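Q: I'd like a close look at just one part of this model, taken slowly. Please pick a spot and tell me what surrounds it and how the pieces there fit together.

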Amino acid sequence: MPPATLSVTIVICTYNRPGPLREALVSTLSQDLPAGFTGDVVVVDNSRDANARAAVEALATGSGLPLRYISAPQPNVSLARNTGVAASRSDYVVFLDDDQWFEPGCVAALLTTAEQTGADMVFGPVLADFPGGIPDWDPQGKAYERLVSWPTGTTAPLRLTGNQSGRWIATGNLAARRATTLTDPLPFDPELGTCGGEDFDLFSRLDEAGRRFVWCAEAVAHEPVPPDRATLAYMRKRGFHNGKIYGTMQMRNSSRRALTAVNLTARALVQCLLTSGRLAWASLRGDPSAARHSLKLADVAGKLVWWSLSRQTPW
């Protein structure tokens, strides 16, 4: 008997970025799938004026994986991702952000790792490209990359410690086993679709349900960082907002909200004091680590005022 066929849908949600979207699509349509897999690509256009349609239609008649276009005109990344999931009936859903692109073999590596390990979700590295030059304050670009030193197949918890914390898990360059991770009618919460945190909210719920997350070192994607995002000021603003998101997620998923609020505030205060001291000492010595400490301080300061989370991202 011939081997059973598995299927994958690659979902790319896009919002007002037809230029980067084209690069994402070119890298996606040329992906080779593992033996026994069939697949297609779905682009969900989250812009009000459907400005991605032309870029998709221009590539839809070429060779490669079948390509579909769907308009979801209410700007909200959760609604866009839920639309992409609903449009797929595949065994796996692979997500790619519209400003990212796959290296050859990336999707095959994600799927092969999922099949070999039985993981519910497989994450791959996302490397930063700097078309305007690497920023002086971060000469290795580490603040922008999603990269850890684990071998392929390593099972990892949702929350990590040390320098790896929060830097390995996100929706772009992710393979999700549909039957165990995307079963809810709305897997991504629309209430978080304009402020961010919708992916971490899903990951938190899956982690609570005992789902297994695995790393795949060979599944490499790239994300160009435009000059206006390669600044320390931008990253501080983003870190402050992300700190608010973290605090909000802690409260949303807590059954003892008062205790969680006290614990969150106490830990953030201690982190603020420690990080402030490290920042001051590094600044006095002219140590380049001052930039990293300033980013950490912005993040923990956001945790202190999680309740002020705006429903719109500040960038």
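A: First, the helix labels: a helix here is a DSSP run of H or I with at least four residues, and the numbering starts from the N terminus. Keep in mind that this is a predicted model.

Let's go to the second largest pocket, which holds about 330 Å³ of space. Its lining is made up of 18 residues. Three helices each supply at least two of them: H6 (198–208), H7 (232–252) and H8 (257–285). H8 gives the most, with six residues. As for chemistry, the lining is a mix of five nonpolar, seven polar and six charged residues.

Now look towards the middle. The lining residues nearest the pocket centre are Arg 159, Met 249, Gln 250, Asn 253 and Thr 260. Going by the helix limits, Met 249 and Gln 250 belong to H7, while Thr 260 belongs to H8. Asn 253 falls between the end of H7 and the start of H8.

So how do those two helices sit against each other? The axes of H7 and H8 are 9 Å apart, at an angle of about 150°. Since angles over 145 degrees count as roughly antiparallel, H7 runs roughly antiparallel to H8. The crossing of this pair is right-handed. On the H7 side, the contact uses Tyr 246, Gly 247, Gln 250, Met 251 and Arg 252. H8 answers with Arg 257, Thr 260, Ala 261 and Leu 264. Sorted by class, that contact has four nonpolar, three polar and two charged residues. Notice that Gln 250 and Thr 260 turn up again: both are in the H7–H8 contact, and both are listed among the lining residues nearest the pocket centre.

H7 has another partner to follow. H7 also packs with H9 (residues 289–304), at an angle of about 35° and with the axes 6 Å apart. H7 passes H9 in a right-handed crossing. From H7, the contact takes in Leu 232, Met 235, Arg 236, Gly 239, Phe 240, Asn 242, Gly 243, Lys 244 and Tyr 246. From H9 come Ala 291, Ser 294, Leu 295, Ala 298, Asp 299, Ala 301, Gly 302 and Lys 303. By class, this contact has eight nonpolar, five polar and four charged residues. One residue to click on is Tyr 246 of H7, which takes part in the contact with H9 and also in the contact with H8.

To pull it together, H7 helps line the pocket, packs against H8 and packs against H9.

Note on methods: Residues are numbered from 1 along each chain as its sequence is written. This is a predicted model: local features need pLDDT of at least 70, side-chain atom pairs count only at pLDDT 80 or more; totals for chains, interfaces and linings use all residues. Side-chain values use heavy atoms; hydrogens and water are left out. On a 1 Å grid over the protein atoms alone, a cavity is a set of points where a 1.4 Å probe fits but cannot get out, and a pocket is an open set with protein on both sides within 12 Å along at least five of seven lines; lining residues have an atom within 4 Å of a point. Grid points are joined across faces, edges and corners, and a volume is the space filled by probe spheres set on the points. Ala, Val, Leu, Ile, Met, Phe, Trp, Tyr, Cys and Pro count as nonpolar, Asp, Glu, Lys and Arg as charged, and the others, Gly among them, as polar. Axes are lines fitted to C-alpha atoms, for helices over the stretch in contact, and angles run from 0 to 180 degrees between N-to-C directions. A crossing is left-handed if the near helix is turned anticlockwise from the far one by less than a right angle, and right-handed if clockwise. Contact means heavy atoms within 4.5 Å. Angles under 35 degrees count as roughly parallel, over 145 as roughly antiparallel, 65 to 115 as roughly perpendicular and the rest as oblique.
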